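Subject: Handing over the structure

Hi,

Here is the structure I said I would pass on to you. Have a look at it first, then read on for what turned up in it.

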Amino acid sequence: MMDFLKRIKRKLAAAGLRLKTRREARQAFRYDLQQFMAHAGALHLDRKSAACAEIIMGYHVLEKGLTMPHRRLGFGKGAVIHLVNLVDSFERRFGRDDQQVNHAIGVLRAYREMHKDSPEKMPRLDAFLAAHPDVSAAVEPHVRKDDFFAAHDLPFPAFAASRHVVRHFAAPVPRTSLEAAIQLAATAPSACNRQHVRLHVIDDHDLRDKLFVLQGGTRGFGQDADKVIVVTADLSAIRWAWERNDCYVNGGIFVMNLCYALHYCGIAHCILHWSVAPETDRAVHKLLDIPESEVIVQVLACGIPPDEFDVAASPRRAPDEITTWHGGSR
Ligand SMILES: Cc1cc2nc3c(=O)[nH]c(=O)nc-3n(C[C@H](O)[C@H](O)[C@H](O)COP(=O)(O)O)c2cc1C
């Protein structure tokens, strides 16, 4: 009789927890939805910050093109006109003082210089650049492999500044190097040390190609990547509704540590987004046999780069542009 009562009590407690968690999760997701609809840049391009983000995406496409392996002249004509129009419109509305927008103009000039001997006319781009004579061409770093990894033993500021995503891969990554990088990456902190992250390493190139078709962000270089790491986080580590973002938060912290660890171990990496529709997410779970309890956070393409290669400059905003000091800081 006592056992029976205990079982009923346990079941009631579990049902109560389920109801409470569902109610709180709905409240949290409703809050997220409202905030997203009210502020996501795609829906508010009239705002300066959203317009600037669109320009950064625009110059990033061209910057990638300028530094890509297997690049051909004449790439990205539509992207050039799109970016010119975005910058024009931005300057008319918000003026000319933004460093990221200036970089966009520099990238456009670098594109034009790369095509200076091309017989193709580019009147719109030429007129735009003539109206911005003060901005010189952006320089995309060309590096030697040994120099790129030389900050290995330097102090953190030099090491951090030397890390970049690489889209040039020439040779396989030894498994032992990748294992060393993973061990180093595991020093990443996690909430209550719950260690949500799991890694799925793909070195079957047929699987890699299928994954990249679904991911969609590796055109022009994915076929050269030797290994792909799919970083997931286990929902089993989540304890209550307010932790709804914790898979991504803990996963993101791990990913950054993994990037540094890969760089430290001489492995080039390119971070790849996981901004996909639910059906793509489901398809990749199935393709790679990833348990449904794991949330895919990020994908990384890895390889050993050739002796010389290009990286995109990707300049950063100044600290005072991204920092708000609250209170009487001295
Ligand atoms: C969340 C995230 C998603 C990214 N997705 C892609 C992608 O799909 N394809 C790609 O070529 N690069 C991708 N990147 C690489 C970024 O373009 C790159 O990290 C950024 O421009 C900064 O350059 P850096 O890493 O060399 O400093 C991604 C980076 C992050 C952090």
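One term before anything else: a helix here is a DSSP run of H or I that is at least four residues long, and helices are numbered from the N terminus. With that in hand, look at what follows helix H10: Gly-266, whose phi is positive, near 80 degrees. Please keep in mind throughout that this is a predicted model.

**The overall picture**

The protein has 12 helices and six strands. Its C-alpha trace spans about 90 × 50 × 50 Å along the principal axes. Of the 330 residues, 27% are buried. If you take the contacts with a separation of 6 or more, 82% of them come from residues 24 or more positions apart.

The chain is divided into domain 1 (7-39), domain 2 (43-139) and domain 3 (142-310). Between the C-alpha centres of domain 2 and domain 3 there are 29 Å, and their contact takes four residues from domain 2 and six residues from domain 3.

**The sheet**

In what order do the strands of the open sheet stand? There are four of them, in the order S2-S3-S5-S4, and the pairing is antiparallel. Strands S2 (197-202) and S4 (268-272) are at the edges with a single partner strand each, so each has one side without a neighbour in the sheet. From one strand to the next, the twist averages 25 degrees.

In the middle of that order, strand S3 (residues 227-234) and strand S5 (residues 294-303) pair over eight bridges. If you want a pair to find on screen, Ala-233 stands opposite Val-295 in S5. S5 is also joined to S4, by five bridges, and these two run antiparallel. There, Cys-270 has Ala-301 in S5 as its bridge partner.

You might expect an edge strand to be out in the open, so is S4 enclosed or exposed? Four of its five residues are buried, so S4 is largely enclosed by the rest of the structure.

**The cores**

The largest nonpolar core has 41 residues, and Val-228, Leu-258, Leu-300 and Cys-302 have the most contacts inside it. Helix H8 (175-185), S2, helix H9 (205-215), S3, helix H10 (246-264), S4 and S5 each give this core at least two residues. A second, separate core has 21 residues, among them Ala-51, Val-84, Val-101 and Val-107.

Val-228 is a good place to zoom in. It sits in strand S3 and counts as buried because it has 26 C-beta neighbours inside 10 Å, where 20 or more is enough. Beyond four places in sequence, Val-228 touches Ile-202, Arg-208, Leu-211, Val-299, Leu-300, Ala-301 and Cys-302. Cys-302 has its own list of contacts, again leaving aside neighbours within four places; it includes Val-173, Ala-225, Val-228, Leu-262, Ile-267 and His-269.

**Two helices to check**

Helix H10 has 19 residues, which at 1.5 Å a residue should span 27 Å, and its end C-alpha atoms are indeed 27 Å apart. Its buried residues include Phe-254, Val-255, Leu-258 and Leu-262. What do the buried residues of H10 pack against? Their partners are H8, S2, S3, S4 and S5.

Helix H2 (residues 48-67) gives a similar check: its 20 residues should span 28 Å, and the end C-alpha atoms are 28 Å apart, which agrees. Among the buried residues of H2 are Ala-51, Ile-55, Tyr-59 and Leu-62. It may help to remember that residues three or four places apart in an α-helix point the same way, because there are 3.6 residues a turn. The buried residues of H2 pack against helix H3 (77-94), helix H4 (99-114) and strand S6 (308-310).

**One last residue**

Leu-125 belongs to helix H5 (residues 123-130). Why does it count as partly exposed? Leu-125 has 19 C-beta neighbours inside 10 Å, and a buried residue needs 20 or more, so it falls just below that cut-off. Leu-125 touches Val-80, Val-84, Leu-108 and Arg-112, not counting residues up to four places away in sequence. Take Val-84: 41 residues separate it from Leu-125 in sequence, yet the two C-alpha atoms are 7.0 Å apart.

Have fun turning it around on screen!

Notes
Residues numbered from 1 in each chain as written. Predicted model: local features only at pLDDT ≥ 70, side-chain atom pairs only at ≥ 80, totals over all residues. Pairing = 2+ DSSP bridges. Axes fitted to C-alpha atoms, helices over the stretch in contact; angles between N-to-C directions. Expected span 1.5 Å × (residues − 1). Buried ≥ 20, exposed ≤ 12 C-beta atoms within 10 Å, placed from the backbone. Contact = placed C-beta atoms within 7 Å. Core = buried A, V, L, I, M, F, W, Y, C linked by C-beta atoms within 7 Å. Domains from an automatic or database assignment.
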